[in-house]
Amino acid sequence: MTTLHGFLFQVYPYVCLAVFLIGSLIRFDQNQYSWKSDSSQLLRGRLLRWGSNLFHFGILFLFVGHLVGLYTPHAVYGIFLSAAQKQVLAVTAGGVAGAVCFVGLTMLLYRRMFDPRIRHTSHASDIAVLVVLWVQLVLGLVTLPQSLQHADGSVMLILADWAQRIMTLRPVDATAIAAIHWTFQVHVVLGLTIFLLFPFSRLVHIWSGFAAAGFLFRPYQVVRSRRLDVPPGHNLPGQPSAVPPADVARALDNPQAMR
Ligand code: HEM
């Protein structure tokens, strides 16, 4: 193990996670109007619908797969799944989702680089994010044949142990990581770098994407269409009255005053 390995697998993860969390918080606090996915659909829809949907389906599957795969302790899934079976599952599911994501991401990258309208309105960070994600995805796909060479799941166990130790603030043995194939090492380091870039790019929209699950639990909104021509206070069947009756009476007497 070299000093570089020690830095990359013992110190760098904490640098990236600190920048990711504190940077996101500062950006949300200081610059909320920049907190968006920065859709370019109005400029050109071509390639976006397929590209974005395929990409997001693949990347969300991979994201959840990485989270569950790396952070479920072996003692938990070991009850019904051996490490070797888990490895085959990861390679198969990850391979399919990775291929879907690759097609979508390549379409998005092509569109951003070669569509003049999109290219001219892109920030450097929009291009950088797509390039980094593309390289990271290709590296992930390149590791698949490597993983099949040790189908007992041994490398997967080393990586999961490393990730769990980092998150639970326990000492890390970087020697074990330094011994595995370089493609895994670069994949881990670039993956950490994505967290580093996160607060400085449109990737902040991912926080909001997951936070949108809160919509399922919020109180419903009453929305009235003008086209239905429902006078104030006369609710559609099943709708509660949002306007006090006294206000309704006044509005019916003098509709102009309510405009
Ligand atoms: C959590 C759920 C997510 C939601 C709801 C979401 C939503 C969106 C939306 C609405 C756009 C704009 C698409 C357009 O131009 O109209 C977008 C773009 C983008 N998203 Fe997501 N996203 C999510 C997760 C992710 C994840 C996990 C990643 C990557 C790690 C990601 C990376 C991107 C990138 C790179 C773009 C820009 C694509 C381009 O225009 O070139 N998103 N996302």
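Leu133 counts as buried, with 20 C-beta neighbours inside 10 Å, and this residue lies in helix α6. The C-alpha atoms of Leu133 and Leu109 are separated by 9.9 Å, although the two residues stand 24 apart along the chain. The model described here is a predicted one, and the account moves outward from Leu133 to the helices, the ligand shell and a few individual residues.

**Overall make-up**

The chain contains 11 helices and zero strands, so that its pattern, read along the sequence, is α-α-α-α-α-α-α-α-α-α-α. Of its 259 residues, 15% count as buried. Among contacts between residues at least 6 apart in sequence, 77% join residues that are at least 24 apart.

**Two packings that share α6**

Two packed helices are described by the angle between their axes and the distance between the axes. On that basis, α6 (124-149) can be followed through its packing with α4 and through its packing with α9.

The axes of α4 and α6 lie 9 Å apart and make an angle of about 150°; α4 and α6 are therefore roughly antiparallel to each other, given that angles over 145 degrees count as such. The crossing of this pair is left-handed. On the α4 side the contact is made by Gln87, Val91, Gly95, Gly98, Cys101, Phe102, Leu105, Leu108, Leu109 and Arg112, which meet Asp126, Ile127, Leu130, Leu133, Trp134, Leu137, Gly140, Leu141, Leu144, Ser147 and Leu148 of α6. By class, the residues of this contact divide into 14 nonpolar, five polar and two charged. Leu133 and Leu109, the pair named at the outset, are both among the residues of this contact.

Helix α9 spans residues 182-197, and its axis comes within 9 Å of that of α6, the two crossing at roughly 155°, which makes α6 roughly antiparallel to α9. Here too the helices pass in a left-handed crossing. From α6 the contact draws on Ala128, Val129, Val132, Val135, Gln136, Leu139, Gly140, Val142, Thr143 and Gln146, and from α9 on Thr183, Phe184, Val186, His187, Leu190, Gly191, Thr193, Ile194 and Leu197. This contact has 11 nonpolar and eight polar residues, with no charged residues. Gly140 of α6 is listed in the contact with α4 and also in the contact with α9.

**The shell around the ligand**

Which residues are closest to the ligand? Of the 19 residues that surround the ligand, the closest are Ser37, Ser39, Gln41, Leu108 and Gly209. Leu108 also belongs to the α4 side of the contact with α6. At least two residues of the shell are supplied by each of α2 (48-71), α4 (83-114), α6 (124-149) and α10 (205-211), and the largest share, six residues, comes from α2. In terms of class, the shell consists of 10 nonpolar, eight polar and one charged residue.

**Residues with a positive phi**

Most residues other than glycine have a negative phi. Asp38, by contrast, has a positive phi of about 60° although it is not a glycine, and Asp38 lies in the loop between α1 (3-30) and α2. Asp38 is partly exposed, with 15 other C-beta atoms within 10 Å. Leu169 likewise has a positive phi, of about 55°, without being a glycine; this residue is placed in the loop between α7 (154-167) and α8 (174-178). Leu169 is exposed, since 8 other C-beta atoms lie within 10 Å and 12 or fewer is the criterion for that class.

**Pairs distant in sequence**

The table sets out the separations of three residue pairs along the chain and in space.

| Pair | Separation in sequence | C-alpha to C-alpha distance |
|---|---|---|
| Trp207 and Trp35 | 172 residues | 9.8 Å |
| Leu133 and Leu109 | 24 residues | 9.9 Å |
| Gln164 and Tyr71 | 93 residues | 6.0 Å |

Trp207 is found in helix α10, where this residue is partly exposed, with 15 other C-beta atoms within 10 Å. Gln164 has its place in helix α7 and counts as partly exposed, with 16 C-beta neighbours inside 10 Å. Leu133, as stated at the start, counts as buried.

Notes. Residues numbered from 1 in each chain as written. Predicted model: local features only at pLDDT ≥ 70, side-chain atom pairs only at ≥ 80, totals over all residues. Near = placed C-beta within 6 Å. Helix = DSSP H or I, 4+ residues; strand = E, 2+ residues; numbered from the N terminus. Nonpolar A, V, L, I, M, F, W, Y, C, P; charged D, E, K, R; others polar. Contact = placed C-beta atoms within 7 Å. Axes fitted to C-alpha atoms, helices over the stretch in contact; angles between N-to-C directions. Parallel < 35°, antiparallel > 145°, perpendicular 65-115°, else oblique. Left-handed = near helix turned anticlockwise from the far one by under 90°.
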